[in-house]
Amino acid sequence: MKSLPAVPEEFADAMEPPGNPTWRPMTMADLRTVPDLDALCQPHPWGPANFQGELLRGESGFSWVGELPETGPVAYICAWTVLDELHVGNIGVSPSWRRKGLARTLLARTHQWAKSRGANFAHLEVRAGNSAAIALYESIGYRRVGVRRAYYADNNEDALLLVADL
Ligand SMILES: CC(C)(COP(=O)(O)OP(=O)(O)OC[C@H]1O[C@@H](n2cnc3c(N)ncnc32)[C@H](O)[C@@H]1OP(=O)(O)O)[C@@H](O)C(=O)NCCC(=O)NCCS
């Protein structure tokens with residue numbers, strides 16, 4: 001594969017955003033709330049069984065939440081490593097908590113974890129029309145490397161394949 005630009009240093013050292021939630025690993029107890037948050041974020045949300053499957057990955061999985069005492073989880077990510085690859089499977093932020101740097105913080109933590117496990121690059125798929133997510137990923141060094149035509153069965157939307165060096 002062609003060499004890709006590395007994730008910028010300033011992103012790797014990302015400051016925690018103001019009014020910061022507490023960050024912690026997702027637990028089985030979160031299966032009561034995180035699927036509802038996912039339903040606010042995704043056109044085709046995961047069910048509790050999908051999140052449970054992520055928690056059962058053990059050491060190869062990284063599922064974390066950011067939570068506030070008053071509201072519980074407001075942001076989540078599910079990612080995993082296979083050999084030297086990180087795959088980001090799901091990420092979402094409560095609509096009322098967007099544009100505060102929470103997704104960027106979650107991705108920074110995820111990349112840090114993946115690098116500590118020997119991952120050299122990250123990849124993910126994103127709906128071609130999801131301009132917010134594409135802007136997020138491109139702002140931290142992901143590059144478009146391919147398209148899966150009509151990948152999403154609900155509306156035949158293309159998936160963009162994005163990759164970043166870690
Ligand atoms: C995509 C998503 C996770 C971004 O979460 P967020 O916490 O608001 O993102 P951040 O505040 O960390 O944004 C970081 C950068 O991403 C880009 N960005 C994020 N949302 C954007 C938007 N709506 N429009 C344009 N750029 C955006 C900006 O460059 C932003 O930096 P800036 O605020 O300094 O300009 C959130 O919009 C979301 O949950 N969407 C629904 C779920 C989803 O699409 N998940 C991804 C599936 S692949």
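**Ligand shell, sheet and core**

Mentor: Let's start at the ligand: the largest share of the shell around it, five residues, comes from helix 5.

Trainee: What kind of model is this, and how are the residues numbered?

Mentor: It is a predicted model, in which local features need pLDDT of at least 70 and side-chain atom pairs count only at pLDDT 80 or more, while totals for chains, interfaces and linings use all residues. Residues are numbered from 1 along each chain as its sequence is written.

Trainee: How many residues surround the ligand, and which are the closest?

Mentor: There are 19 around the ligand, with R98, A103, A132, A135 and L136 the closest. Two or more shell residues come from each of strand 4 (85-93), helix 4 (102-116) and helix 5 (131-139). A residue is near the ligand if its C-beta atom, placed from the backbone, lies within 6 Å of it.

Trainee: How many of the shell residues are nonpolar, polar and charged?

Mentor: Ten are nonpolar, five polar and four charged. Here Ala, Val, Leu, Ile, Met, Phe, Trp, Tyr, Cys and Pro count as nonpolar, Asp, Glu, Lys and Arg as charged, and the others, Gly among them, as polar.

Trainee: How many helices and strands are in the chain?

Mentor: The chain has five helices and seven strands, in the order α-β-α-α-β-β-β-α-β-α-β-β along the sequence. The names refer to DSSP runs numbered from the N terminus: helices are H or I with at least four residues, strands are E with at least two.

Trainee: What makes strand 1 and strand 2 a pair?

Mentor: Strand 1 (residues 22-25) and strand 2 (residues 61-68) are joined by four bridges in the antiparallel sense, and two strands pair if DSSP finds at least two bridges between them, so these qualify. One facing couple is T22 and E67. Strand 2 also runs antiparallel to strand 3 (residues 72-82), over eight bridges. In that pairing G66 stands opposite A75, and F62 has A79 as its bridge partner. Three residues lie between strand 2 and strand 3 in their hairpin.

Trainee: In what order do the strands form the sheet?

Mentor: The order is 1-2-3-4-5-7-6, in an open sheet with mixed pairing. Strand 1 and strand 6 (143-152) each have a single partner strand, so they stand at the edges with one side left without a neighbour in the sheet.

Trainee: Why is V88 called buried?

Mentor: A residue is buried if 20 or more other C-beta atoms lie within 10 Å of its own, exposed if 12 or fewer, and partly exposed in between, with C-beta atoms placed from the backbone. V88 has 24 such neighbours, so V88 counts as buried. V88 lies in strand 4. Of the 166 residues of the chain, 28% count as buried.

Trainee: Which residues does V88 touch?

Mentor: Not counting residues up to four places away in sequence, V88 touches I77, A79, T110, A122 and L124. Contact calls for C-beta atoms, placed from the backbone, within 7 Å. The C-alpha atoms of V88 and T110 are separated by 8.7 Å, but contact is judged on C-beta atoms.

Trainee: Which members of the largest nonpolar core touch the most others?

Mentor: A75, Y76, I77 and L106 do, out of 32 residues. Strand 3 supplies the largest share of this core, seven residues. A nonpolar core is a set of buried Ala, Val, Leu, Ile, Met, Phe, Trp, Tyr and Cys residues joined through C-beta atoms within 7 Å. Leaving aside neighbours within four places in sequence, Y76 is in contact with M26, V34, L37, W64, V65 and G92.

Notes. Two residues are in contact if their C-beta atoms, placed from the backbone, lie within 7 Å.
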